[in-house]
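Okay, thanks for making room for me in the schedule. I'd like to walk you through one model this morning, so let me put it up on the screen.

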Amino acid sequence: MSQPITRPKFSCVFLPDHIIDEILSWVPVKSLIRFRCVSKSRYAIITNPIFISTHFNRAKLLFSNEENNNNHNGYLLYTPLHVDPLLYSRNLCTVVCNSDGTLSNNISRIEIPFSHSRIMGFSNGMFCFASYVENCRHIMYLWNPSIRKFKVLAATVNIANFYTQVAVGFAYHSQNNDFKVLRIVCHKPAEAEVYSLSTDSWRRFVISVESATGSGLNGSISGIDDSPCVFLNGALHSIACTTVRHNFILSFDLNDEKFREIMLPRNYFHGLFRFLFGFSRYLAVSKGLLTFVVFGKSPAVTSSFKCLIWVMREYGVFESWTAKIVNLAWVDSFYGCTDNGEFLIEKSNGHLFSFDHETLEENSLGIQFPAWVGFTSNLMESLVLLE
């Protein structure tokens, strides 16, 4: 006669709340979203603002370690251009950049939950969009694709007409553990407003610029590039001009929320044609340095196109601008730099290339007519915007 099977006895162990919080703070976002349904207590923990902040800081640490240990060169982000932009839902596509400069065949796609808008920036897994529909250009969105949540922001500064110049910047303010949106509208006078996610509010003020050159810029800004602002050294940067056609870099420090002037290099065109549509200029961050790029046509040689690359070796020091000029076919769009300093450019045929301005090597990325392109060294996920 067989003996009855004896089953081990398990004692029920209850973990203290702070131990559960600590364990959950290291759990991936997708798992946490599922864990919300386990019990009311788990839901309360995961949706608690303090827990969300703790998880965010842990995620930053994990993805910082990933940057040092991964075997690839980051991620390319892009949105494909649809043939009918009025009748489609866009996708945000993500693809791994291989160490040999090629892209992985595996493409991750996430549907963007709103249309008629363009990406103005992204940071730590969060994206900022701005509407381009007339009479709705004050509407903006913050989107967290990892949890499929977004927040609508209604800016306070009205826009007189469709041709009013507007610049937008988006960044993570590490000192205050906060996301901020900067919006500059070129009225008379130019106005700015800053949105803080932590307070869910806008603060509006007239732009007053601290000039290191004594150029007297206060209240005299008349134009600004509508390209997304570039974030570096805790500040957002854009190219602005005054009523007397003085061009300069307008920086906005997220810490003290003050505007300052950074002088552009003198004679930065170096003889390129300066007629309408004859040149284009961009700000970027290349290998951690503020970079000013000018694409244009040389008047000396027919159909000869040049790329002037100005790098500020010491941030904020005018004398540290250094120049380099390279031959490069006409560029339709410039999307910034990779961590290796390679340019992401779209040529006149619509094809996306990476361009190494040191070796002069070009690499086709197999993407044609993108609506937007970005690069990130990691794919951070967070619970920000979870309610």
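Before I point at anything: helices and strands here are DSSP runs, H or I over at least four residues for a helix and E over at least two for a strand, numbered from the N terminus. Two strands count as paired if DSSP finds at least two bridges between them. Bookkeeping next: this is a predicted model, so local features need pLDDT of at least 70 and side-chain atom pairs count only at pLDDT 80 or more, while totals for chains, interfaces and linings use all residues. Residues are numbered from 1 along each chain as its sequence is written, and side-chain values use heavy atoms, with hydrogens and water left out.

Right, strands. Take β9, residues 178-185, and β10, residues 191-196: they run antiparallel and are joined by six bridges. If you want one bridge to click on, Val185 has Glu191 in β10 as its partner. Those two strands belong to an open sheet of four, in the order β8-β9-β10-β11, with antiparallel pairing. At the edges you find β8 (166-173) and β11 (201-206), each of which pairs on one side only. On average, neighbouring strands in this sheet are turned by 20° against each other, direction ignored; the axes behind that angle are lines fitted to C-alpha atoms, for helices over the stretch in contact, and angles run from 0 to 180 degrees between N-to-C directions.

Now look between β10 and β11, at the loop that holds Asp200. Its phi is near 55°, a positive value in a residue other than glycine. Is Asp200 buried or partly exposed? Partly exposed, because its relative accessibility is 43%, and the scheme calls anything under 20% relative accessible area buried, over 50% exposed, and the rest partly exposed (1.4 Å probe, protein chains only). Asn233 also has a phi near 55°, and you'll find Asn233 in the loop between β14 (230-232) and β15 (235-242).

Next, a hairpin. β16 (residues 247-253) and β17 (residues 259-263) pair in the antiparallel sense over five bridges, and Leu250 has Glu261 in β17 as bridge partner. Five residues sit between the two strands, and Glu257 in that turn has a positive phi of about 55°. Ser251 is in β16 too, and it counts as buried at 6% relative accessibility. What does Ser251 touch, leaving out residues up to four places away in sequence? Leu236, His237, Lys258, Phe259, Arg260, Ile262 and Tyr315, where a contact is heavy atoms within 4.5 Å.

Okay, rings. There are 23 aromatic pairs in the structure; rings of Phe, Tyr and Trp (its six-membered ring) pair if their centres lie within 6.5 Å, and planes under 30 degrees apart are stacked, over 60 edge-to-face, the rest tilted. Phe122 and Trp372 make an edge-to-face pair, 5.7 Å centre to centre with 85° between the planes. Phe122 is in β4 (residues 117-123) and Trp372 in β26 (residues 370-376), so this pair ties together parts 250 residues apart in sequence. Phe122 is partly exposed at 25% relative accessible area, whereas Trp372 is buried at 13%. Back in the sheet I started with, Tyr195 and Trp202 form a tilted pair, 5.4 Å between centres and 55° between planes. Tyr195 is buried at 2% relative accessibility, and Trp202 is buried at 18%.

One more ring: Lys347 lies over the face of Phe353, 4.8 Å from the ring centre. The criterion there is NZ of Lys or CZ of Arg within 6 Å of the ring centre and within 35 degrees of the ring normal. In β25, Phe353 has Ser364 as its bridge partner.

Last stop, the inside. A nonpolar core here is a set of buried Ala, Val, Leu, Ile, Met, Phe, Trp, Tyr and Cys residues joined through side-chain atoms within 4.5 Å. The largest one has 37 residues, and Leu142, Val181 and Leu383 have the most contacts inside it. Which element gives the most to this core? α4, with five residues. Leu383 touches a list of residues, including Val29, Leu32, Phe51 and His55, again not counting residues up to four places away in sequence. Apart from that core lies another of 21 residues, among them Ala171, Ala190, Leu250 and Phe252.
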